[in-house]
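Trainee: I would like to learn how to read the empty spaces in a protein model. Could you walk me through them?

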Amino acid sequence: MKFQPEVYKIPDVKGQAFIDAEEIWNYINNTKAEKERVLEVIQKSLNKNRLSLEETAVLINARDPELIEAIKNGARQLKEKVYGNRIVLFAPLYIGNYCSNNCLYCGFRSTNKEANRQTLSDLQIIKEIEALEDNGQKRLILVYGEHKMYDAKYIAHTVKLAYGVKKGNGEIRRVNINAAPLDHEGFKIVKDAGIGTYQIFQETYHPETYKKYHLSGNKADYENRLVSLDRAQDVGLDDVGIGALFGLYDWRFEVMALIRHTNHLEACYNIGPHTISFPRIQDASNLAVDERYFVNDDDFAKLIAILRLAVPYTGMILTARESAALRDEVIHFGVSQIDGGTKLELGSYSSSLNQKQDLNKEQFKVNDDRSLNQIIDELLDDNMLPSFCTACYRLGRTGEHFMEFSVPGFIKNKCTPNAILTLAEYIVDYANEETAQKGWKAIEKNMESLSEQKMKDSVIERIELIKLGKRDLYY
Ligand code: SAM
Ligand code: SF4
């Protein structure tokens, strides 16, 4: 399958701004959403083509409940048809919350005098990771404020530290990053440390709104942030994640801009974003956000389904910012990764105290406080297949979602077997008895979806090896 870069009014130039607010509003204001056209666009996506800006606007403008249901059904079908029932699990780990920026929506912003600041020491980081490993985590995203203490070398140091922590059968096999934009040299340093994805959210793609919410510090520079992932691509860091913080500006504009950003990366680097994130504003210490653009649950579910259909080959991340009930519902619209057992307070994974959230110590409110085991248990009840797979990244298969999407048999021969093996490891090492029983049943059921007997035999053999103590087996 080939990407289909579109022809844009503004040419796509590497490392240069590519958002034209007027162009986006023109699409939204002048695109009609007649029933036939909406169904046609959904079908185009189900045929594994990614959508143009105009087609995305068709879905955005669909308001009839019957058409909204068709969009959600389309996203559900695409998820089932292309990706199956796997959900990859990870945990965020906040390393330091000093910050020199002044983002009005964030509890860590420089002017929030009530924020309780700290940077974990190396020893604290090790303890946190041991605690995460004791819970069964294999994939982390390390998170930092923007501060001169957290430069590329420091980020690289913490990444290497994370990979080095082994407790029992526990180890971290993939470390992703959510931190400030770096310069070319900085991106090279973190790439060489072996990171997975580097995530940078534009927060809002609307330049004037951006100015209103980012009052000072490096982050006040809209363009520097917008083209930062181009710098990552320039030095070969091609595994990048984009996102918008929904609730700052009109959600329709942000969805279109995410697609525009995706197009830009495809057109210039021949590879789209590895993941798209769509955090929604949550309460935070001294939150100073105008509620006018807050996104309600119905629009949020709709926009997730639209993103799935518009970029069918990209990973989509849904975090514990959202409640368990909402996550359980919208996960079916094509989400591929969720966090589990999430704690945002620095040092809290290894703390024996089960404290209530204190917003002065955390970036924002978490609404899903289920433990990792609870989430796995409930995913199993929902016929999903929890996965800790890190095989593509470790075998140098970049663009894994694109491969899942476009390479025939990739899911049956790689993803499902790897999900089964990592779930088997989790069951043997960490699951409680009830979850273990459900987990083995799910493994049995998912084995049936492997069409080739040779692969089935190989997976069975490897599960036996896992029971005997072997770890980290993957295809
Ligand atoms: N400091 C780095 C930066 O700004 O790029 C790291 C990102 S921050 C620690 C992680 C993300 O959390 C931000 O990019 C933003 O989208 C999101 N965030 C900040 N405040 C939030 C809030 N009140 N509710 C929900 N998400 C929030
Ligand atoms: Fe700092 Fe990031 Fe929070 Fe902005 S969102 S104040 S940069 S931690």
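Mentor: Happily; we will go through the cavities, the ligands and then the pockets. Keep in mind that this is a predicted model.

Trainee: How does one look for empty space, and how many cavities of 30 Å³ or more does the search find?

Mentor: The general idea is that rolling a probe the size of a water molecule over the atoms shows where empty space is left. In this structure, the search turns up five cavities of 30 Å³ or more. The largest cavity holds about 760 Å³ of space, and the second largest has about 210 Å³.

Trainee: Which residues lie nearest the centre of the largest cavity?

Mentor: Its lining has 45 residues, and those nearest the centre are Tyr94, Asn178, Phe201, Arg321 and Gln363. Several strands take part: E1 (86-96), E2 (139-144), E5 (174-178), E9 (315-318) and E10 (337-339) each give at least two residues to this lining. By class, the lining has 25 nonpolar, 11 polar and nine charged residues.

Trainee: And what sits in the largest cavity?

Mentor: Ligand 1 sits there, and the space taken by ligand 2 is also the largest cavity. The volume of a cavity is computed over the protein atoms alone, so the 760 Å³ is counted with the ligands left out.

Trainee: Let us take ligand 1, then. Which residues are closest to ligand 1?

Mentor: There are 21 residues around ligand 1, and Tyr105, Glu203, Lys219, Arg225 and Gln282 are the closest. This shell divides into 11 nonpolar, four polar and six charged residues.

Trainee: Which atoms of ligand 1 pair with arginine 225 and with the two tyrosines?

Mentor: An oxygen atom of ligand 1 is 2.7 Å from a polar side-chain atom of arginine 225. With the tyrosines, the partners on the protein side are backbone atoms: a nitrogen atom of ligand 1 lies 2.8 Å from a polar backbone atom of tyrosine 105, and a nitrogen atom of ligand 1 lies 3.1 Å from a backbone N or O atom of tyrosine 144. As for cover, ligand 1 taken alone exposes 570 Å², and the protein buries 97% of that.

Trainee: What surrounds ligand 2?

Mentor: Around ligand 2 you find Cys99, Asn101, Cys103, Tyr105, Cys106, Phe108, Arg109, Gly145, Lys219 and Gln363. Five residues of this shell are nonpolar, three are polar and two are charged. Tyr105 and Lys219 appear here and also among the closest residues to ligand 1.

Trainee: Which element gives the largest share of the lining of the second largest cavity?

Mentor: That is H17, with four residues. H4, E1, helix H15 (391-394), H16 and H17 each supply at least two. The lining comprises eight nonpolar, six polar and seven charged residues.

Trainee: What about the pockets: what is the volume of the largest pocket?

Mentor: The largest pocket has about 440 Å³ of space. It is lined by 18 residues, with Thr342, Lys343, Asn354, Gln355 and Asp369 closest to its centre. Its lining has three nonpolar, nine polar and six charged residues.

Trainee: And which residues lie nearest the centre of the second largest pocket?

Mentor: Lys81, Val82, Gly84, Ile411 and Lys412 do, out of 20 lining residues. Helix H4 (65-83), helix H16 (400-406) and helix H17 (410-429) are the elements that give two or more residues to this lining. The volume of this pocket is about 320 Å³.

Key. Residues numbered from 1 in each chain as written. Chains lettered and ligands numbered in written order. Predicted model: local features only at pLDDT ≥ 70, side-chain atom pairs only at ≥ 80, totals over all residues. Heavy atoms only, no water. Near = heavy atom within 4 Å. 1 Å grid on protein atoms, 1.4 Å probe; cavity = no way out; pocket = protein on both sides within 12 Å on 5 of 7 lines; lining within 4 Å. Sits in = over half its atoms within 2 Å of the grid points. Nonpolar A, V, L, I, M, F, W, Y, C, P; charged D, E, K, R; others polar. Points joined across faces, edges and corners; volume = space filled by probe spheres on them. Polar contact = N/O pair within 3.5 Å; in protein donor to acceptor, adjacent residues only side chain to side chain. Areas by Shrake-Rupley, 256 points an atom, 1.4 Å probe, with all protein chains shown as cover.
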